Each structure stands twice: as C-alpha cells, then as structure tokens.
Amino acid sequence: MKKIFPVLIYLFASSLFGQTWIDVSFKGGVGPDLLINLNVLEDVDLVHKFSVGNTFAGKFGVNFGDIHSINFEVASTKFRQSFDFRADDVLPGQEMSFNSIDYSFLYRKLSDGRYLEIGPTVSTTSEGSISSPNFGGIFGFGRTIAGSDKIAINIGARFRYIATDLLNDSDGSESLYFSKAYAEYKISTPLSFMFMVEIDWAVGVFGRSNCYSRRLRFVTF
C-alpha cells in the first residue's frame, strides 16, 4: 500500500504537464478456472476436470498522457470447477459454480500499442455457501489490433486470483463441493485465466481554456 501513493502522486504531477483524458471500455473474457485447495490437490481419489468460466466488465479510465492510466472496473464473473472421483464409495462428479460481482482498481501501462495492467479486486457474491466479500488481485496484458483516434479493439489475457478462503471451516460448506471430510481443513482459493476482448472508447480530454482565467475544462472528442 505504501508504494501505491508515490505512484499516484507521480501520475498526478505528470498530468499537470501533460494531457489527461478519459476513456470507457466494455470487455469480455473466457478461459479455464482452477480451485486451489491442498486437500483436493493431494487427494488421489479426486481429480480436477477442465472447467471454463467467463467474465463481462465495464471500465472507466483516467489516462495521463499516452503511457499511464488508472482504471475502475466492475465485472460480472462466473467461476466454475468440476471434479471427478476415482473411488466407488463416494459420490459421482461434483461442481462448484457461482457468480460474483468484482470491483477492481487497476493501473495500466501502455507502450507501442501494448499494455500491462495490475491491481487489487474485491469479489462479492450472494451464493449462500460461498463467503463474501473476498479479496485478490488481477494481472493482465495485451495489445491493440485495430482502431482509430477514438475507438480501439484490444485483445489480451488476464489472471485473476482470489487470495481469501471461499468456504467456511465452521459451516460444513467444504463437504458440499468435495463430498468428503478431510482430517484438516484447508482454504479454497480460485484462480482464473481469461482470454480477453476489449472495446475502448476515448471520451474526451481535460485542458485549459484560453478565456475564463484559463480554467480547467473537459472537452469531448
């Protein structure tokens, strides 16, 4: 957290001498999910099946020149993890599947049509057996494949990891998904990898007016 404030101060200072502009984006992604639980990973009778989730998001961005931007993103994300059981004395296949609303604060760096982004995310869900809210982070990268001065189409990839426990040791929710009780409770954290498509629209720019004592104003493109 201590490192975030110097970055924000630097971006604010650079905006005083450069162009600051606003953009909005709509994006979607799809890709494999993996539930990380040490009990499950070490259980020879339980196997992760290949499972696919998705996400749809809207983003509001403040750009400082052509390199740095700070983005607030709201996403509807579906996480899915299915299991197969090798043993005959436990239940057949089981699945953890739930929807969440994610709120993310992301820093993005752009260079030569490419971007890197990173930041924290807060995930909330109304699913009764899943704890909420949960906290994690996002790391992504990509590039622009088409566009103009106002519109850009980006493709990329994104990792989303929730670091807090999805389940609860005290309410038996672990057995709902794994169909067996383990001697020692281990936390369950979801990891997602998404292939992303993003449509970005440059809305307008902040600038100084030549009249009205050079007041700061916002001009749409």
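Visitor: Let's start with Asp102 and Arg160: are they buried or exposed?
Guide: Keep in mind that we're looking at a predicted model. A residue has to come in under 20% relative accessible area to earn the label used here. Asp102 does, and Arg160 joins it, so by that cut-off both are buried.

Visitor: How far is it from N to O where the side chains of Asp102 and Arg160 meet?
Guide: These two side chains form a salt bridge, and for that a nitrogen must sit within 4 Å of a carboxyl oxygen. From N to O, the value for Asp102 and Arg160 is 2.9 Å.

Visitor: And how many residues apart are they along the chain?
Guide: Asp102 belongs to strand 5, while Arg160 belongs to strand 8. The pair links distant parts of the chain, with a separation of 58 residues.

Visitor: Which residue forms a salt bridge with Glu73?
Guide: Side chains of opposite charge can pair when their charged atoms come close. For Glu73, the closest N and O atoms of the bridge are 2.6 Å apart. Glu73 and its partner are both buried. That partner is Arg158.

Visitor: Why does the pair of Glu73 and Arg158 tie together separate parts of the sequence?
Guide: Glu73 is found in strand 4, which covers residues 68-85, and Arg158 is found in strand 8. The pair therefore joins parts whose distance in sequence is 85 residues.

Visitor: Which residue does Lys27 meet in a salt bridge?
Guide: Lys27 sits in strand 1, and its partner is in strand 9, 171 residues apart from it. The bridge spans 2.8 Å from N to O. The partner's name is Glu198.

Visitor: Why does Glu198 count as buried, and what is its relative accessibility?
Guide: The cut-off is under 20%. Lys27 has 7% and counts as buried. Glu198 also counts as buried, because its relative accessibility is 2%.

Visitor: Which residues are linked in a network of salt bridges?
Guide: By the 4 Å rule, the model has 11 salt bridges. Two pairs we've met, Lys27 with Glu198 and Glu73 with Arg158, belong to the network. Its members are Lys27, Glu73, Arg108, Glu117, Arg158 and Glu198.

Visitor: How many charged residues are in the lining of the largest pocket?
Guide: That pocket holds about 570 Å³ of space. Its lining has 27 residues, and those closest to the centre are Trp21, Asp66, Leu110, Ala152 and Asp200. Strands 1, 5, 8 and 9 are among the elements giving two or more residues to the lining. By class, 8 lining residues are nonpolar, 9 are polar, and the charged ones number 10.

Note on methods
Residues are numbered from 1 along each chain as its sequence is written. This is a predicted model: local features need pLDDT of at least 70, side-chain atom pairs count only at pLDDT 80 or more; totals for chains, interfaces and linings use all residues. Side-chain values use heavy atoms; hydrogens and water are left out. On a 1 Å grid over the protein atoms alone, a cavity is a set of points where a 1.4 Å probe fits but cannot get out, and a pocket is an open set with protein on both sides within 12 Å along at least five of seven lines; lining residues have an atom within 4 Å of a point. Grid points are joined across faces, edges and corners, and a volume is the space filled by probe spheres set on the points. Helices (H or I, at least four residues) and strands (E, at least two) are DSSP runs, numbered from the N terminus. Ala, Val, Leu, Ile, Met, Phe, Trp, Tyr, Cys and Pro count as nonpolar, Asp, Glu, Lys and Arg as charged, and the others, Gly among them, as polar. Buried means under 20% relative accessible area, exposed over 50%, partly exposed in between (1.4 Å probe, protein chains only).
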